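Visitor: Please take one strand and its surroundings and go through them closely. After that, carry the description on to the partner chain.

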Amino acid sequence: MLTVTLVTDKVQSTRPQHRGRRRGGLPVQVPAPFEYVRATSVADALELLERHGEEARLIAGGHSLLPMMKLRLARPEWLIDINDLAELRHITVDGDRLRVGALTRHADLLGSDVVGRLFPIVHDAERVIADPVVRNRGTIGGSLGQADPAEDLTTVCDVLRAEVYIAGRDGERTVDIHRFHRGPYETACQQHEVLTEVRFPIVAGQGSAYEKVERRVGDWAVGAAGAAIVLADDGTIADVTIGLTALGLEGLAVEAAEVLRGQRPSDELFADAGRLAAEASSPIEDQRGPVDYKRHLADELTRRVLRTAVARAGALSPVSGG
Amino acid sequence: MQVTMTVNGTEVTRDVEPRQLLVHFLRETLGLTGTHWGCDTSNCGTCVVLVDGEPVKSCTALAAMTAGHEVRTVEGMAQNGTLDPVQQGFMEEHGLQCGFCTPGMMLTARALLDRNPHPDDGEIREAISGQICRCTGYATIVRSVQWAAAHPATPTGDPMPTEQEVTA
């Protein structure tokens, strides 16, 4: 928080903002001036994006964009508010997919019994994303679109092999989550497009889990791991995916998953997978911890989520509508 | 631009800059300084107000985004001169010392009790986990919310006496 204040003071001293001043002349943190417009539909949002060009940004929960605007890390000329687009806020079981609208709030996901039953990993992650008040505003689309390397839902979507729906001028397109996420703060969603929906494949018998280590409640992850497992009738592992958050791994931990496939679950096996996940990670040292500690987290958290996911596998009850 | 919203039951219309944050709209444009402005980075939670009944950090919302919605601030908690049970609870159980976090804490507590009238201590702690108090150590805040849960407002707005208090 201290850093934030200093940066802002510097900005204020070089770029006076008379109307952004607090009584008494002290600087306040407000975004630079912009124009504001509310979209009334996805089609309207697309038209507004086209009309206002490169310097327009969509805003939903605003908990990533507004802080960046206060710090001048983002300076859009137009904000297009999509909070009224009820068509983008839904959680629906549709055949073998769970469809989640991009404007669905974190609190909606956490409050959904169907999400918790089908994908307990989503509830594991949502419980440790920011805090309950922030979760009232933040959205799944905003989290994926921001593509912060320490963001939890990207790993969850990776592990569940989610698909992302993106609307553009020429209609809607589908992108696999690993193609959607192109690196830190970069996604396949173009400037003139709108992320509309995330779809999760429903897999009978799947168990899943997410675990995160954070310095304090609501903080970004020091490190986190997620896993999804499907057991065969003979009790061996038929399918498994493992992902890491904030530990320098893009996409899934493929080699760690490979040692598990076809094997019977055991702590020795999970230890092998943990070691391989740690080897696949490439964390950087920062204020949240040194590299060896983070590698240790990759190992330990991988073991733990595998254990939990196996314990949950097979517990899936038949789906009967959303 | 012009925004219209309902604040504590009264419709207000004001000219604002699109970039004006809700917290500054409430404090400076409307003069409702009961909503406090703290860290400005959505960490501390002292700026929490209710928007359509849900707690929201008003330092990370634009006044423009709130147009058309219902806002409730600490000034709107007391009804007809009677404190909300949550406010009374903070008095009874010493839920505040310096008072800086108190408006946000009380509004989050109000929203919690509206959807869960009998929370356990863990549920109260979870509900206020996005808000920071540097004085009380939270124990008295939790007790204050429990006091409010035990004394829900009567239709006239007065906190209901508990059975013990009636027989005492």
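**A strand and its sheet, then the second chain**

Guide: In β13(A), A:Gly243 is the residue that bridges to A:Gly226. The model is a predicted one, and the description below starts from that glycine pair. A second bridge into β13(A) links A:Ala225 with A:Leu244. Both bridges can be placed in the pairing of strand β12 (residues 221–231) of chain A with β13(A), which is antiparallel and has 8 bridges. The hairpin of β12(A) and β13(A) has 5 residues between the strands, and in it A:Gly235 has a positive phi, near 85 degrees.

The sheet around this pair is open and has 3 strands, in the order β11-β12-β13 (chain A), with antiparallel pairing. Which strands stand at the edges? They are β11 (206–214) and β13 of chain A; each has a single partner strand, so one side of each has no neighbour in the sheet. From one strand to the next the twist averages 10 degrees. Helix α9 (residues 152–159) of chain A packs on this sheet and touches β11, β12 and β13 of chain A. The direction of α9 makes about 20 degrees with that of β12(A).

Is β13(A) mostly covered or mostly uncovered? β13(A) is mostly covered, with 7 of its 9 residues buried. An edge position in the sheet therefore goes together here with a strand that is mostly buried.

The chain continues from β13 (237–245) into a loop that leads to α11 (254–258) of chain A, and A:Leu247 lies in that loop. A:Leu247 counts as buried because 29 other C-beta atoms lie within 10 Å, where the cut-off is 20 or more. Leaving aside residues up to four places away in sequence, A:Leu247 touches A:Gly223, A:Ser281, A:Pro283, A:Lys294, A:Leu297 and A:Ala298. One of these, A:Gly223, falls within β12(A), whose residues are 221–231. A:Asp170, by contrast, is 77 residues from A:Leu247 in sequence and 37 Å from it in space, C-alpha to C-alpha.

The domain assignment puts this in a wider frame. Chain A is divided into domain 1 (2–15 + 31–81), domain 2 (89–201) and domain 3 (206–312). By these bounds A:Leu247 belongs to domain 3, while A:Asp170 belongs to domain 2. The C-alpha centres of domain 1 and domain 3 of chain A are 36 Å apart.

Next comes the partner chain. In the contact between the chains, 25 residues of chain B meet 24 residues of chain A. On the chain B side, the elements that give two or more residues are β4, α2 (63–66) and α5 (121–127) of chain B. β4(B) gives the most, with 4 residues. By type, the residues on this side of chain B are 11 nonpolar, 8 polar and 6 charged.

β4(B) also has a partner within its own chain. Strand β4 (residues 54–57) of chain B pairs with β3(B) in the antiparallel sense over 4 bridges, and one bridge is that of B:Val49 to B:Val56 in β4(B). Between the strands of this hairpin there are 2 residues, and B:Asp52 takes a positive phi near 50 degrees. β3(B) is also joined by 2 bridges to strand β5 (residues 70–72) of chain B, again antiparallel; here B:Val51 has B:Val71 as its bridge partner. From strand β3 (residues 48–51), B:Val48 and B:Leu50 point one way and B:Val49 and B:Val51 the other, and all are buried.

Further along chain B, helix α3 (residues 85–92) has B:Pro85, B:Val86, B:Gln87, B:Gly89 and B:Phe90 as its buried residues. Their cover includes α4 (102–115) and α6 (139–150) of chain B. B:His94 follows α3(B) and has a positive phi, near 55 degrees.

Taken whole, chain B has 7 helices and 5 strands, in the order β-β-α-β-β-α-β-α-α-α-α-α along the sequence. Its radius of gyration is 16 Å, which agrees with the value near 15 Å that a compact globule of 168 residues would have. Along the principal axes, the C-alpha atoms of chain B fill a box of roughly 55 × 35 × 25 Å. Buried residues make up 49% of chain B. Of the contacts in chain B between residues at least 6 apart in sequence, 60% join residues at least 24 apart.

Terms used. Residues numbered from 1 in each chain as written. Chains lettered and ligands numbered in written order. Predicted model: local features only at pLDDT ≥ 70, side-chain atom pairs only at ≥ 80, totals over all residues. Buried ≥ 20, exposed ≤ 12 C-beta atoms within 10 Å, placed from the backbone. Pairing = 2+ DSSP bridges. Contact = placed C-beta atoms within 7 Å. Domains from an automatic or database assignment. Nonpolar A, V, L, I, M, F, W, Y, C, P; charged D, E, K, R; others polar. Rg over C-alpha atoms; globule rule 2.2 N^0.38 Å. Axes fitted to C-alpha atoms, helices over the stretch in contact; angles between N-to-C directions.
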